[in-house]
Amino acid sequence: MIAISGVSKHFDEVQALAEVNLDIATGEFISIVGPSGCGKSTLLRIVADLVSTSGTVTKPNKGAFVFQDSALLPWLTVQNNVELLMKLEGLPNIKEKTCIALEQVGLTGFEKNYPHQLSGGMKMRLSLARSLILDPEYILLDEPLSAVDELTREVLQEELHEMWNRDKFTAVLVTHNIAEAVYLSNRVIVMSPRPGKITHIIDVPFKKRTPELRTTSKFSKLVNDISGKLRTWR
Amino acid sequence: MEIKKLLPPAIILLLFLGSWHIGALIYNMAFILPTPLVVAQTFVADFDIIMTGLVLTFEAAFTGYIIAVVMGIAVATVMSLSNILEKSLYPYAILLQTVPVVAVAPLIVLWFGFEMKSIIIISIIISLFPIINNTLLGLKSTSKTLVELFEYHKTSKLQTFFKLRFPAAIPNIIAGMKISAGLSVIGAIVGEFIIGSGSEEGGLGVQIIYAQADLETALVMALILTATSLGFIFFITIQTLGWYLMHKWHESEMKRK
């Protein structure tokens, strides 16, 4: 479980976050949505311990952070990029696990390629593979799919959902895309503009997450409801 | 393909040599402006002198260059690790660049003697700043996201340096090394100019002083060409090193389609 309590953040005079409290159950997938500058990325970075806070965050030991622009090292091959985090963490069975991880994201055969030779979607798959290989108990995702085209985006959402279903990690996703949040999450957290605080927590009732779900009226109604809540800030 | 690439500069060279030759013939004062043919003949006739000079200049310039590269990267690394050190050292690095080397050279010779040591030091002074400046720029412009990735995984400062900051700075380091490649030869020649009168045998700079005193203009030109080629070879070597290190991943060295 990830427990966020009393998390506030000031950048000089500006208050970015005000008193955020949130408990995320083990194995839960939650998304954080909100207007630009509401501090959702900052909140994710506080959970990741990349930004300091006056509040407290407790979380499992083993985690991974997936960045917006896939954060690959351009001078390393696909193979070496997947191995990178395992090497940094000093984990065993690198070769074996890399092989499996690359197969899971359909990048077998690209081991010797460099990131610039991959499409946006492949880069993000590589970034996800690099994180999943660590067997994380939780994954923090900072708008991971914002750089890919709409079609690839939906495919990647489905893949991400399958990964989550298979590996049972806790996931915290920051996104601008409400349909994406609804499709992937158990709960959607809505935040207000600066100073960011949680205004709504919406349970997503859908059992099965298949591409057909997107076309149902229940799905679009929920997406519209959340959009409506966000629109009040504009 | 190769011929197509070589043709344009070859035409320029021929045009240049041609107009030089015709100009020299019209001017008709060989001790002021010899024809390219005479320079070529001198090159063959005085091959021994030129080669002796070349070896000595190469030794000084190469030693100076290597020391400048190592020192430059080391100083830039230290600066990149600490804000206070950067702020306290950087102004003096700039002075290294703005000091008129030609004017300081006699002082260096006074302190370190009429020896190769002095020439090497002058070569270092002139080559150091581009390496420091470019390396520092590279080390400080590591992608923020990648730094966060390493920070998230609690990577040590040392490991972050060797696995992230340094490799990311390689394009900048190579850029600095390219600028300094030619400068190191210039520094060596300047040093030899000052030392010139004080030594019997000497590098290309010393030989140029002697040849000029004897009004052997063709030899002066042959020596200048040799010194220029030396700097050019330094440059090409670094260019090749850069290609080897970066052609698989960096925009600047990837094949355009």
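Which strands of chain A does helix α7 (residues 217–231) lie across? The legends below answer this and describe other parts of the model, which is predicted.

**Figure 1. Helix α7 of chain A lies across β3, β8 and β9 of chain A.** The helix covers residues 217–231. Its direction runs at about 15° to that of β8(A).

**Figure 2. Six strands of chain A form an open sheet.** The order of the strands is β5-β6-β7-β3-β8-β9, and the pairing is mixed. At the edges stand β5 (63–66) and β9 (198–203) of chain A; each has a single partner strand, so one side of each is left without a neighbour in the sheet. On average, neighbouring strands of this sheet are turned by 15° against each other, with direction ignored. Strands of a sheet pair through backbone hydrogen bonds, in either a parallel or an antiparallel way. Strand β8 (residues 187–191) of chain A is paired with β9(A) in the antiparallel sense, over 5 bridges. In this pair, A:Met191 is found opposite A:Ile198 of β9(A).

**Figure 3. Helix α1 of chain A packs on the sheet.** This helix, residues 40–47, touches four strands of chain A: β3 (29–33), β6 (138–142), β7 (170–174) and β8. The direction of α1 makes about 150° with that of β7(A).

**Figure 4. Strands β1 and β2 of chain A form a hairpin.** Strand β1 (residues 2–11) and strand β2 (residues 14–24) of chain A run antiparallel and are joined by 7 bridges. One residue of β1, A:Ile4, has A:Leu22 of β2(A) opposite. How many residues lie between the two strands of the hairpin? There are 2 residues between β1(A) and β2(A), and A:Asp12 in the turn has a positive phi of about 55°.

**Figure 5. Two domains of chain A are in contact.** The domain assignment gives domain 1 (1–45 + 142–234) and domain 2 (62–136). Domain 1 is thus written as two stretches of sequence, 1–45 and 142–234. Taken over C-alpha atoms, the centres of the two domains of chain A are separated by 24 Å. The contact joins 13 residues of domain 1 to 10 residues of domain 2. On the domain 1 side, helix α5 (residues 150–167) of chain A supplies the largest share, with 5 residues. By class, that side has 8 nonpolar, 2 polar and 3 charged residues.

**Figure 6. The largest nonpolar core has 68 residues.** In soluble globular proteins, nonpolar side chains tend to be buried together. Which members touch the most other members of this core? They are A:Val47, A:Ala129, A:Leu140 and A:Val172. Helix α4 (residues 120–132) of chain A gives the largest share of the core, 6 residues. Each of domain 1 and domain 2 of chain A contributes at least three residues to this core. Leaving out residues up to four places away in sequence, A:Val172 touches A:Ile24, A:Ile30, A:Ile32, A:Leu44, A:Val47, A:Leu140 and A:Leu141. Another core, of 58 residues, lies apart from this one; among its residues are B:Ile50, B:Ile173, B:Ala175 and B:Ala211.

**Figure 7. A:Leu91 lies in a loop of chain A.** The loop is the one between α2 and α3 (94–104). Is A:Leu91 buried or exposed? It falls in between: A:Leu91 has 15 C-beta neighbours inside 10 Å and therefore counts as partly exposed. Not counting residues up to four places away in sequence, A:Leu91 touches A:Met86 and A:Leu134. A:His176 is 85 residues from A:Leu91 along the chain, and their C-alpha atoms are separated by 34 Å.

**Figure 8. Chain A and chain B are in contact.** Chain A gives 14 residues to the contact and chain B gives 12 residues. Helix α2 (residues 78–89) of chain A contributes the most to the chain A side, with 3 residues. By class, the chain A side has 11 nonpolar, 1 polar and 2 charged residues.

**Figure 9. Chain B has 10 helices and 0 strands.** Its C-alpha trace spans about 75 × 55 × 25 Å along the principal axes. Of the 257 residues in chain B, 36% are buried. Among contacts in chain B between residues at least 6 apart in sequence, 73% link residues at least 24 apart.

Terms used. Residues numbered from 1 in each chain as written. Chains lettered and ligands numbered in written order. Predicted model: local features only at pLDDT ≥ 70, side-chain atom pairs only at ≥ 80, totals over all residues. Pairing = 2+ DSSP bridges. Axes fitted to C-alpha atoms, helices over the stretch in contact; angles between N-to-C directions. Contact = placed C-beta atoms within 7 Å. Domains from an automatic or database assignment. Nonpolar A, V, L, I, M, F, W, Y, C, P; charged D, E, K, R; others polar. Core = buried A, V, L, I, M, F, W, Y, C linked by C-beta atoms within 7 Å. Buried ≥ 20, exposed ≤ 12 C-beta atoms within 10 Å, placed from the backbone.
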